[in-house]
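Work through these exercises with the structure open beside you. Try each task before you read its solution.

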Amino acid sequence: MEKKLKIGIIGCGGIANGKHMPSLKKLPEVEMVAFCDIIPERAQKAKKDYGTPDAAVYTDYKELLKDETIDVVHVCTPNRSHSFITIDALEAGKHVMCEKPMAKTAEEAKAMCEAAKRTGKLLSIGYQNRQVAANRYAKQVCEAGELGEIYFAKAYALRRRAVPTWGVFLNEYEQGGGPLIDIGTHALDLTLWMMDNYKPKMVVGNTFRKLADQKNTANAWGDWDPKEYTVEDSAFGYIVMENGAVIVLESSWALNIAKPNEAKFLLCGDKGGLDTLDGVKVNYVKNNRQVIEIPDMNSGGVAFYDGDGDDDPSVLDARIWINACLGRGEQCVWPEQAYTVTRILEAIYTSAQTGKPVFFAE
């Protein structure tokens, strides 16, 4: 019987319980043998729900990293600690899956990339939306060249009233920002991935805190506390790439719109266009007629078979990651790609603070 990969979980809060641990539990190739959280009860519960009977529990992540039998670490902590925990784990000889966003700042993200190269260990970031069936299909369309050169795109991360009121989401110190760094990061990652374009030239953007002081908000998770709301409620960016392509990024937890769109995108190329605003729609001209193609995402092969458990994006993401750690294939999300996402997000925040465009060094 093949040796199972031993995994340590650092941070046993919402995202670990909502995505990482349930997905890993479905993979027979792994076992979760260590859990760390600054709240010991959370680590104990994680062990009970997902760990091996003899799994270790820690409140100090550095103690977990001393265990030489651990092969892989999942970093599921607030954004502020992503970089230094990830670097320490890489230096300790572990492969690392770090939850998105990669880091609070571009400098931190760059240091993570450098640590992965220096140690020879794998590093990936939790952009599981790449594995959504519609997005996998869209990526195949792009890779086949059906859109031609993509020169205009929009990345959508818009909610009407869905401000996360738990954890530290509203805490600028812990998170580095609000919806831009939380959900805008997914939309931007998807758009850059579709375009296969990671060379930004210039960014201009603005952030708003217009609804954060309101009450009786009809928020999906109940009213927030305005005193604790220290981040933006909306952020928008205009991104110009080195080849002249333009991306408009829209993100908000609370915006007066009729229809939310989150982790969606629109792509316009010189041969065709595509958007995922309501399913997948591909548009092009054929026989001198405008055509819209709508694939049936509930059929078309085993990968899209309705009811197939492997169609869960989080499970697919975990499977691709673990296969890479086992040497069975390449990872999907590369740290250099996530670094570019972080650079652009940081530039939008900087532009909003200074009122000036931000130009990237050659």
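**Exercise 1. Find how strand β1 is joined to strand β4 in this predicted model, and in which direction the two run.**

Step 1. Locate the strands. β1 covers residues 5–10, and β4 covers residues 72–75.
Step 2. Look for the links between them. There are four bridges.
Step 3. Compare directions. β1 and β4 run parallel.
Step 4. Pick a facing pair. Across from I10 you find V75 of β4.

Keep one general point in mind. Strands of a sheet pair through backbone hydrogen bonds, and the pairing is either parallel or antiparallel.

**Exercise 2. Give the strand order of the six-stranded open sheet and name its edge strands.**

Step 1. Read across the sheet. The order is β3-β2-β1-β4-β5-β6.
Step 2. Check the pairing. It is parallel.
Step 3. Go to the edges. They are β3, residues 51–58, and β6, residues 123–125. Each of these strands pairs on one side only.
Step 4. Add the twist. From one strand to the next it averages 20°.

**Exercise 3. State which strands helix α9 touches and what angle it makes with β5.**

Step 1. Find α9 at residues 313–325. This helix packs on the sheet.
Step 2. List its contacts. They are β1, β2 (30–36), β4, β5 (95–98) and β6.
Step 3. Compare directions. The direction of α9 makes about 160° with that of β5.

**Exercise 4. Count the cavities of 30 Å³ or more and describe the lining of each.**

Start with the general idea. A probe the size of a water molecule, rolled over the atoms, shows where empty space is left.

Step 1. Count. There are two such cavities.
Step 2. Take the largest. Its volume is about 70 Å³. Its lining includes K19, H20, H74, M97, D317 and W321.
Step 3. Ask which elements give two or more residues to this lining. They are α1 (14–25) and α9.
Step 4. Sort this lining by class. It has four nonpolar, five polar and two charged residues.
Step 5. Take the second largest cavity. Its volume is about 30 Å³. Among its lining residues are M97, S124, D317, W321 and C332.
Step 6. Find the main contributor. α9 gives the most to this second lining, with three residues.
Step 7. Sort again. The second lining divides into five nonpolar, two polar and one charged.

**Exercise 5. Describe the largest pocket: its volume, its centre and its lining.**

Step 1. Note the volume, about 1100 Å³.
Step 2. Go to the centre. Of the 42 lining residues, G14, I15, C76, T77 and P78 are the closest to it.
Step 3. Name the elements that give two or more residues. They are α1, α4 (82–91), α7 (172–175) and α8 (179–195).
Step 4. Sort by class. The lining has 17 nonpolar, 14 polar and eleven charged residues.

**Exercise 6. Which element gives the most to the lining of the second largest pocket?**

Step 1. Note the space, about 320 Å³.
Step 2. Find the centre. The closest of the 19 lining residues are E172, G176, G177, Y349 and Q353.
Step 3. List the candidates. β8 (200–208) and α10 (335–354) each supply at least two residues.
Step 4. Decide. α10 gives the most, with six residues.
Step 5. Finish with the classes. This lining divides into six nonpolar, eight polar and five charged residues.

Definitions and conventions. Residues are numbered from 1 along each chain as its sequence is written. This is a predicted model: local features need pLDDT of at least 70, side-chain atom pairs count only at pLDDT 80 or more; totals for chains, interfaces and linings use all residues. Side-chain values use heavy atoms; hydrogens and water are left out. Two strands pair if DSSP finds at least two bridges between them. Axes are lines fitted to C-alpha atoms, for helices over the stretch in contact, and angles run from 0 to 180 degrees between N-to-C directions. Contact means heavy atoms within 4.5 Å. On a 1 Å grid over the protein atoms alone, a cavity is a set of points where a 1.4 Å probe fits but cannot get out, and a pocket is an open set with protein on both sides within 12 Å along at least five of seven lines; lining residues have an atom within 4 Å of a point. Grid points are joined across faces, edges and corners, and a volume is the space filled by probe spheres set on the points. Ala, Val, Leu, Ile, Met, Phe, Trp, Tyr, Cys and Pro count as nonpolar, Asp, Glu, Lys and Arg as charged, and the others, Gly among them, as polar.
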